[in-house]
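Welcome, and thank you for joining this tour. Please have your viewer ready, with a way to select residues by chain and number.

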Amino acid sequence: MKKTIFALAFSLILGSASFANNDESINERASQSFKKEFAQAKDVSWQKSGDMFRATFTLNERVLFAYYSQSGDLMAITRNITSDQLPIALQTSLRKNYTEYWVSDLFEMVSGGQTSYYITVENADHKVVLKSEDFGSWSTYRKEKKNAE
Amino acid sequence: MKKFFITIALAVAVVSVGFAADGVKIDRKIQAAFQKEFSEAFNPTWESVGSGLFHVSFTQNSEVMDAYYNEEGQLVTLSRYVSNDQLPLLVTKTIQSKLGSAQVGQIREVVTENETSYLVTAKKDNRTIIAKVYTSGGFQIVKRIKNVKG
């Protein structure tokens with residue numbers, strides 16, 4: 001489970017998970033599990049990537065993504081957020097330590113009852129992915145040097 | 001002693017409705033700690049709230065924030081009002097399941113000792129409830145107040 005979540009987070013950060021709509025996009029077990037968990041969900045659509053199924057939906061005016069395994073287990077829920085939606089301590093830490101960077105991606109992930117935040121910040125030379133699981137501090141998840149053109 | 005300061009700061013945060021600046025002199029050590037932590041703070045207003053605690057209200061990124069420092073210049077509590085879309089998913093879920101039938105009012109995000117929690121004010125029947133929701137989704141009633149009809 002943890003390994004799958006790690007792989008999912010990694011693919012979301014890299015943008016390498018390609019979720020597509022096709023005839024196999026809806027898995028009956030996942031669909032049943034989703035209806036039970038998110039009874040109030042609106043505008044639901046399904047996509048598939050590998051053996052993972054993703055439901056995109058609106059709940060309480062928020063666009064959310066729920067990820068399911070083939071057996072219908074809810075693996076994770078994510079939502080894209082802006083930096084002012086980060087918990088205050090994470091915002092403060094970001095302002096203090098990454099003033100020269102801009103934010104290119106940010107999402108909240110809930111998995112196994114635990115919340116984590118992944119943010120991608122960039123400057124002219126580097127692209128850094130930071131992760132937080134404690135609502136207070138960031139750790140470097142991935143750092144890469146940008147190629148000179 | 002540390003717990004006492006935190007309790008005082010939390011109590012002040014719960015009832016926080018704004019304070020008048022009392023012109024109190026703030027130790028340089030505290031001011032320096034504040035400036036280091038919140039270098040982009042705008043319009044800070046300081047006051048002493050007793051028990052060796054100092055409150056500073058300021059604006060950062062267009063948001064009004066409240067920070068509480070002790071005499072040693074340590075940040076004891078940081079808080080701000082938040083909107084629904086600033087709440088973590090698990091916190092939203094807990095509020096809906098525990099306070100679903102109540103009318104939810106202001107929500108304050110509070111950071112104390114590196115722990116983030118959310119103080120939710122809600123009205124149900126003739127009572128006002130102040131509840132603490134933890135980032136894990138945990139829930140605790142802090143206070144119940146019987147409303148007096150005007």
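The stops below go from whole chains to single residues and then to the place where the chains meet. Keep in mind throughout that this is a predicted model.

**Stop 1: chain B as a whole**

Select chain B and colour it by secondary structure. You should find three helices and eight strands. Following the chain along its sequence gives the pattern α-α-β-β-β-β-α-β-β-β-β. Chain B has 150 residues, and 32% of them are buried. Now think about contacts between residues with a separation of 6 or more: in chain B, 44% of these link residues 24 or more positions apart.

**Stop 2: the sheet of chain A**

Switch to chain A and show its strands. Eight strands make an open sheet in the order β1-β2-β3-β4-β5-β6-β7-β8, with antiparallel pairing. Which strands are at the edges? They are β1 (42–49) and β8 (139–145) of chain A, each of which pairs on one side only. On average, and ignoring direction, neighbouring strands of this sheet are turned by 20° against each other.

Next, pick out β5 (residues 102–111) and β6 (residues 114–122) of chain A, an antiparallel pair with nine bridges. Within this pair, D105(A) stands opposite T120(A), which belongs to β6(A).

Then add helix α2 (residues 28–37) of chain A. This helix lies across β2 (52–59), β3 (62–68) and β4 (74–80) of chain A, and runs at about 140° to β3(A).

**Stop 3: a hairpin in chain B**

Go back to chain B and select β3 (63–70) together with β4 (75–82). These two strands are antiparallel and share five bridges. They form a hairpin with four residues between them, and G73(B) in the turn has a positive phi of about 85°. β4(B) is mostly covered, with six of its eight residues buried.

On its other pairing, β4(B) is joined to β5(B) by six bridges, again antiparallel. Show Y81(B) here and look for its bridge partner in β5(B), which is R108(B).

**Stop 4: the nonpolar core**

Now select A67(B), Y69(B), Y118(B) and V120(B). In the largest nonpolar core, which has 56 residues, these four touch the most other members. The biggest contribution to this core comes from helix α3 (residues 89–99) of chain B, which gives five residues. In soluble globular proteins, nonpolar side chains tend to be buried together.

Zoom in on A67(B). Its bridge partner across the strand pair is L78(B) in β4(B). Beyond its neighbours within four places in sequence, A67(B) is in contact with F34(B), V56(B), L75(B) and L78(B).

**Stop 5: two loops with a positive phi**

Most residues other than glycine have a negative phi. Here are two exceptions to select.

- N61(B) sits in the loop between β2 (53–60) and β3 (63–70) of chain B, and its phi is positive, about 55°. N61(B) counts as partly exposed because it has 13 C-beta neighbours inside 10 Å.
- N114(B) sits in the loop between β5 (103–112) and β6 (115–124) of chain B, and its phi is near 65°. N114(B) has 10 C-beta neighbours inside 10 Å, so it counts as exposed.

**Stop 6: the end of chain B**

Select V148(B), in the segment after β8 (139–146) of chain B. Is V148(B) buried or exposed? It counts as exposed, because only 6 C-beta neighbours lie inside 10 Å. Draw a distance from its C-alpha atom to that of R127(B), 21 residues away along the chain, and you should read 8.9 Å.

**Stop 7: where the chains meet**

Finally, show both chains. The contact takes 18 residues from chain B and 17 residues from chain A. On the chain B side, β4, α3 and β5 each supply at least two residues, and the largest share, three residues, comes from α3(B). That side has five nonpolar, eight polar and five charged residues.

Two helices are worth a last look. α3(B) lies across β4, β5 and β6 of chain A, at about 45° to β5(A). In helix α3 (residues 88–97) of chain A, the buried residues are I88(A), L90(A), T92(A) and L94(A). Their cover includes β6 and β7 (126–132) of chain A, along with α2 (28–37), β4 and β5 of chain B.

Note on methods:
Residues numbered from 1 in each chain as written. Chains lettered and ligands numbered in written order. Predicted model: local features only at pLDDT ≥ 70, side-chain atom pairs only at ≥ 80, totals over all residues. Buried ≥ 20, exposed ≤ 12 C-beta atoms within 10 Å, placed from the backbone. Core = buried A, V, L, I, M, F, W, Y, C linked by C-beta atoms within 7 Å. Contact = placed C-beta atoms within 7 Å. Nonpolar A, V, L, I, M, F, W, Y, C, P; charged D, E, K, R; others polar. Pairing = 2+ DSSP bridges. Axes fitted to C-alpha atoms, helices over the stretch in contact; angles between N-to-C directions.
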